[in-house]
Amino acid sequence: METFFFPFTSTISKFGFLAIWVMFLISSTSFTSTEAYDALDPEGNITIKWDVMSWTPDGYVAVVTMYNFQKYRHIQSPGWTMGWKWAKKEVIWSMVGGQTTEQGDCSKYKGNTPHCCKKDPTVVDLLPGTPYNQQIANCCRGGVLNSWVQDPSTAASSFQISVGAAGTTNKTVRVPRNFTLMAPGPGYTCGPAKVGRPTQFVTSDSRRTTQAMMTWNVTCTYSQFLAQRTPTCCVSLSSFYNDTIVGCPTCACGCQNRNSSESGGGCVEPDMPHLESVVFPPTTKQGTVLPPLMQCSSHMCPIRVHWHVKQNYKEYWRVKISITNFNYRMNYTQWNLVVQHPNLDNITQIFSFNYKPLSPYAGLNDTAMLWGVKFFNDFLSEAGPLGNVQSEILFRKDKSAFTFEKGWAFPRRIYFNGDNCVMPPPDSYPFLPNSGFRRAVSFAAAALSVLVFFA
């Protein structure tokens with residue numbers, strides 16, 4: 001009996017270990033794939049559309065357009081960088097509205113030299129001020145791409161490309177592979193190019209429709225985990241009914257470089273002498289991208305969002321929102337804030353910010369997008385006296401739900417530029433003073449003192 005029991009137990013243990021290992025692998029892959037899913041913008045993505053407009057003797061001319069279909073996530077300076085790998089031995093003869101970062105080895109070509117001969121070209125947008133004969137529509141903004149909600153008119157970017165050593169018909173053209181998108185750093189994962197129905201174009205007088213010879217699309221999705229292993233923002237809280245100011249959690253964005261103040265990154269105290277020479281060392285070459293340099297703080301986050309419950313009225317209540325930049329080497333253009341709170345379905349007035357509700361699901365309106373007013377506060381300057389923007393929001397009370405108890409007046413979640421900010425733990429929120437509790441304590445203290453006196 002003993003000789004049967006032990007081998008059987010060993011077999012079960014092996015199968016159990018194998019099952020646990022398989023489940024771990026499945027959960028790991030599930031975690032990686034769901035990181036790109038955004039519950040507030042479930043269909044948000046960047047779509048690259050490649051339209052072949054005409055054929056040439058050895059290839060084709062195409063217009064490549066990048067559409068930002070994300071509600072609140074945008075691409076800021078220094079802009080996007082797009083790459084791919086050619087399926088055959090294609091070259092780029094010329095480009096309009098964009099350029100490759102490297103030409104590659106074109107030594108085998110005599111006479112006309114291609115714009116790029118690399119197997120895996122990398123393309124960037126042209127800068128504002130580019131001569132008109134080198135521009136096409138939706139180009140030349142330095143790679144800056146707005147979000148769909150903030151400004152749909154600047155949520156697309158295009159360039160024209162003339163491809164040689166390629167197919168000259170729909171059957172002989174091969175779509176590029178391994179598309180990449182940097183915006184400006186990592187975070188986006190692009191799927192394979194899929195040939196679809198040719199894009200149709202309507203003339204300005206709406207009397208004629210033309211179409212591309214061939215069209216393929218590439219979909220790229222964003223993952224905050226891939227973009228940044230540590231958070232990039234945090235939230236602090238305060239209220240008029242409690243003197244406690246709840247700061248950002250300690251080391252919310254990591255404290256690895258907290259003691260460093262070299263030009264390589266880290267943090268510096270705001271009152272340190274010769275601060276400007278530390279932020280921008282005199283020996284720095286023009287065009288060099290310096291690593292982030294933070295103002296030293298307990299949280300070490302580049303961005304802090306402060307939510308202050310300011311006033312209480314009979315039918316309304318007021319909140320003040322302040323956004324502070326702690327990064328000495330980063331300005332935020334076209335910044336935005338996404339806030340979740342149950343009373344956001346009843347905003348009466350918002351001061352000095354733009355506002356639009358985000359309703360990813362029918363019947364649920366607890367999410368709002370806020371961003372700066374153009375030429376007023378849409379530019380968040382680097383750390384320092386000008387490195388903050390603020391606004392106030394007036395809410396109408398929903399009498400069936402409104403309360404100051406249990407932290408109800410504070411946001412459920414906040415995103416800055418599409419990245420989830422670290423919230424303080426709920427048990428640390430400023431609490432509403434309980435007068436009944438205080439009276440009970442006072443009465444108990446008085447009774448105890450009487451007993452002590454008579455004893």
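This passage walks through a predicted model of one protein chain, from its overall make-up to a few individual residues.

A good place to start is the chain as a whole. The protein chain contains four helices and 28 strands. Of its 455 residues, 42% are buried. The surface it exposes comes to about 25200 Å², with carbon and sulfur atoms supplying 58% of that area. Contacts can also be sorted by how far apart the partners stand in the sequence: among those with a separation of 6 or more, 71% link residues 24 or more positions apart.

The interior comes next. In soluble globular proteins, nonpolar side chains tend to be buried together. In this model, the largest nonpolar core has 37 residues, and those with the most contacts inside it are Trp307, Trp317, Trp335, Leu337 and Phe416. Several strands each supply at least two residues of this core, including S14 (233–239), S18 (303–312), S19 (316–325) and S21 (336–340). Also among these contributors are S22 (347–351), S24 (367–372), S26 (388–396) and S27 (413–416). A second core, separate from this one, has 34 residues, including Cys116, Val163, Met214 and Trp216.

Two of the sheets deserve a closer look. Strands of a sheet pair through backbone hydrogen bonds, either parallel or antiparallel. One open sheet is built from six strands in the order S15-S14-S18-S19-S26-S22, and its pairing is mixed. Its edges are formed by strand S15 (242–246) and by S22, each of which pairs on one side only. Neighbouring strands in this sheet are turned against each other by 15° on average, direction ignored. At one end of the order, S22 and S26 pair in the antiparallel sense over four bridges, and Phe351 stands opposite Glu392 in S26.

Another open sheet has four strands in the order S5-S6-S3-S8, with antiparallel pairing. Here the edge strands are S5 (98–100) and S8 (177–182), each pairing on one side only. The twist from one strand to the next averages 25°. Strand S6 (residues 122–125) is joined to S3 by three bridges, and the two run antiparallel. Within this pairing, Met82 has Val123 of S6 as its bridge partner, while Gly83 stands opposite Thr122 in S6. Three bridges also join S5 to S6, again in the antiparallel sense; here Gly98 stands opposite Asp125 in S6.

Loops have stories of their own, and His74 makes a helpful example. This residue sits in the loop between strand S2 (59–68) and strand S3 (81–85). His74 counts as buried because its relative accessible area is 10%, under the 20% cut-off. Its side chain reaches two backbone oxygens: that of Gln334 at 3.3 Å and that of Thr333 at 3.5 Å. Leaving aside neighbours within four places in sequence, the contacts of His74 include Asn68, Leu145, Asn146, Trp335 and Asn417.

Asn417, a contact of His74, lies in the loop between S27 and strand S28 (419–420). With a relative accessibility of 13%, Asn417 is also buried. Not counting residues up to four places away in sequence, Asn417 touches Arg73, His74, Gln76, Tyr332, Gln334, Trp335 and Asn336. Trp335 therefore links this loop to the interior described above, since Asn417 touches it and it is one of the residues with the most contacts inside the largest nonpolar core. Some backbone details round off the picture. The peptide bond from Ser77 to Pro78 is cis, with omega near 10°, and Pro78 is found in the loop between S2 and S3. A cis peptide bond also runs from Ala183 to Pro184, with omega near -15°; Pro184 lies in the loop between S8 and strand S9 (188–190).

Positive phi values in residues other than glycine are found at Asn138, with phi near 65°, and at Phe375, with phi near 65°. Asn138 belongs to the loop between S6 and strand S7 (156–164) and is partly exposed, with a relative accessible area of 33%. Phe375 is in the loop between S24 and strand S25 (379–380). Phe375 counts as exposed because its relative accessible area is 77%, over the 50% cut-off.

Notes. Residues numbered from 1 in each chain as written. Predicted model: local features only at pLDDT ≥ 70, side-chain atom pairs only at ≥ 80, totals over all residues. Heavy atoms only, no water. Core = buried A, V, L, I, M, F, W, Y, C linked by side-chain atoms within 4.5 Å. Buried < 20%, exposed > 50% of the residue type's maximum accessible area, 1.4 Å probe, protein only. Contact = heavy atoms within 4.5 Å. Areas by Shrake-Rupley, 256 points an atom, 1.4 Å probe, with all protein chains shown as cover. Polar contact = N/O pair within 3.5 Å; in protein donor to acceptor, adjacent residues only side chain to side chain. Pairing = 2+ DSSP bridges. Axes fitted to C-alpha atoms, helices over the stretch in contact; angles between N-to-C directions.
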